[in-house]
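Got the viewer open? Let's take a walk through this one, selection by selection.

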Amino acid sequence: MTVPLTELFLVIGLSAAQALVSATIIVALGLLAAFGLAPIRKSNIKKSIELILLAPSLMPTLLTIVASLDLASFFGRFPIGFWGVVVVHFFVNAGLAAVSISQLIESRLSGIIELGTIEGASKFQLIKLSVRELSEQLRNIFIFFFILCFASFSIPLVVGAQTGRTVETLIYETLLDHNHFKLALFYSAIQVALIGAFSLFRRQNISAPSLRRAHPRFLDRVSLGPFLWALISLSVLLVVGLLGGTAHGLSEFGHNSVLLDRVTQGALGTFFEALSVGGLVTIISCLVVFLTPSPRLHQLLLAFSVPSAAALGFLLVAIFDLTEWPDFAVVMLISVGFAILIFSTIHRMRLGDALLEIQGSVESAQIFGANRWLRFSKIIWPQIKNDIAYLAGLSALWASCDFAFASMLAGRDLTLGVTAHGLLAGYRSEIATIVALLATAIGVVTYFIFRFFLTLELKPLSPAPQTFSGVSSHGH
Amino acid sequence: MVIKNLIRNYGDFQIDIPFWSLPDHGVSALSGPSGSGKTSVIRMLLGLEPCPGLVWTFHDLDLAQLSIEKKRLAVVFQNYELFLHMTARENIQFAVSARGIDKVTGQIRLKNLAQRLQIESVLDRSATVLSGGERQRVALARALIGEPRFLFLDEPFSALDAHLRSEARLLVKTVVEEFKIPTLLVSHDAADIEVLAQSVTKIDKGRLVI
């Protein structure tokens, strides 16, 4: 096996440079906006703003990509390549950074800001002091976004071109263009090693947050409102871009009957994929939950991540001959692969913490003699079903717009994400906007299906047990 | 009751108890400063943390060889660990169904315990709205209803206000004596030990102090 080292080093360099620039801009502007978000006092207004800021990172990436392309079309041409990848990474992640840092400011800076205010420090001095105080946490946040952007796949696949390539797209090209599986695996190993090396820069054993949250009156002293409004405006601009693209796309879309047929078929495939991924995430989550408490499993899931989405996709293609498979079976396989890909993210995002929170009550139940099923049905599931419903719904939403993974396996337009990707490759971003919006709408519907059905209170088939006092155990 | 090889290395800290003899009746206390390893000892004996080589002989039975569920132990943790999605009654009834006790017996025991621990009026309240003292008594009722072989009380009064503590100590003492369940009280509070315990073992830096 000959390794084209020059190309590998070039792509690693491009990936690292792009990740460095992306993470720097994300954290810098996220930090400034966080100083605008933290002092907001009214909780409902604050929650609404957080939702607006988080929307681009919770919504499918495809939607943010088409919105960015539509927005750019108002001003000229989207900067495809290195800067295009940076721009989309920024749109997707800046709000998340702002919300995370705002929570840190509230939980960790109460003493410092209050003391500084009493001693008469200026706003600039207080902000400087706050940044220094948060330096370890900011470093970890920076490394998180750096790794996220370094290993990015779907964004550089659409807007990366030559200068915006990442190691992940190199793996994809190696498999798609040259069918060179060993080389792709070698690249995957290099990527895992590099991500592992970057993770070493994270600070461990950070001191616990303050028990008292800072009072918003004192946080006013460090408020940087304009940066928050700038970030909110960007989210609003993305919506404007989407609306503009929709208006253009609808007029073209209505006159294209071939596309209409493709979209109708793709919609079915998308709905099936979203339902399957949500269902699979529910099943895997239930399995993990059923095995709780299992510290080893928890550690394994924290450490586990699929080395490369591209490699996993092509591995599945290599194992299964999909040419003879019916469409629904191919979509099912896509769903299985997608669920495997995202489960570690789901676990890190919420499931792991939710399980840790109820670990004490699970241990208590075990000590009182409860078997695994009783612990699952009476203790764990009632306390964790909302989390699982949310995560299954979110997975379904993400899957609805998946295009990078699905296009590797499908080879044809089985889902709307793949159709939208094809349209984007043909520079038809307005029609792609309609298709992406339709896919997102399907994702939102499946999200609510999971939120509704998984949180239903199941009525027992037999009458409720009577207690000694003759009333139902739930009482009135 | 004899415990052997209660040994576990946590890296920067070690529990090292090669031999420990405890009375198999009444209340024994394990006392020591914060960070001395008291809670780790309980977690190892309960089976929540692995301790290969442990031997725990109790009435000719090696409890260390049994799974956590089969040991038939009970515990009142420092924060009580009530099931917050349930009412007080459901918390106690959970222990009844977990131990496989028939419903009639469970109801009789529940009535008796509720009277003794003065929790009849709060049985149908959600665990989330109970006061600290009520939570403690519900946790004790849940621990006792399954008639465990052995009861652990892990700093059971530390979450209570000072004026509630003395009252709670006397109530726990009366109930534990009445139910005749051998108990290990873990506490760093001399007053807890003075009121409840008939024998005391001290622990420091993971080792028993003779």
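Start with the split in chain A: colour domain 1 of chain A and domain 2 of chain A separately, and you'll find their C-alpha centres 23 Å apart. Keep in mind that you're looking at a predicted model. For the selections, use 1-250 for domain 1 and 256-456 for domain 2 of chain A.

Next, zoom in on where the two domains meet. Here 29 residues of domain 1 of chain A are in contact with 28 residues of domain 2 of chain A. On the domain 1 side, pick out helix 3 (61-75), helix 8 (154-159), helix 9 (167-178), helix 10 (181-199) and helix 12 (225-254) of chain A, the elements that each give two or more residues to the side touching domain 2. Colour that side of domain 1 of chain A by class and you get 19 nonpolar, 8 polar and 2 charged residues.

Now pull back to chain A as a whole. In cartoon view, chain A shows 21 helices and 0 strands. Its radius of gyration is 24 Å, close to the 23 Å that the globule rule gives for 476 residues, so chain A is as compact as a globular protein of that length. Along the principal axes, the C-alpha trace of chain A spans about 70 × 65 × 50 Å. Buried residues account for 47% of the 476 in chain A. Of the contacts in chain A between residues at least 6 apart in sequence, 82% join residues at least 24 apart.

For a helix pair, select 327-357 and 372-400 of chain A: these are helix 16 and helix 18, packed at an angle of about 145° with their axes 10 Å apart. Helix 16 of chain A passes helix 18 of chain A in a right-handed crossing. Show side chains at the contact: helix 16 of chain A brings residues including A:F338, A:I342, A:I346 and A:R350, while helix 18 of chain A brings, among them, A:I384, A:D387, A:L391 and A:W398. By class, the residues of this contact between helix 16 and helix 18 of chain A come out as 10 nonpolar, 2 polar and 2 charged.

Last stop: chain B. Which chain gives 26 residues to the contact, and which gives 21? Chain B gives the 26 and chain A the 21. On the chain B side, highlight strand 6 (73-76), helix 2 (88-98) and helix 3 (103-116) of chain B, which each give two or more residues to the side touching chain A. Helix 2 of chain B has the largest share of that side, with 7 residues. The side of chain B that touches chain A divides into 11 nonpolar, 6 polar and 9 charged residues.

Key
Residues numbered from 1 in each chain as written. Chains lettered and ligands numbered in written order. Predicted model: local features only at pLDDT ≥ 70, side-chain atom pairs only at ≥ 80, totals over all residues. Domains from an automatic or database assignment. Contact = placed C-beta atoms within 7 Å. Helix = DSSP H or I, 4+ residues; strand = E, 2+ residues; numbered from the N terminus. Nonpolar A, V, L, I, M, F, W, Y, C, P; charged D, E, K, R; others polar. Axes fitted to C-alpha atoms, helices over the stretch in contact; angles between N-to-C directions. Left-handed = near helix turned anticlockwise from the far one by under 90°. Rg over C-alpha atoms; globule rule 2.2 N^0.38 Å. Buried ≥ 20, exposed ≤ 12 C-beta atoms within 10 Å, placed from the backbone.
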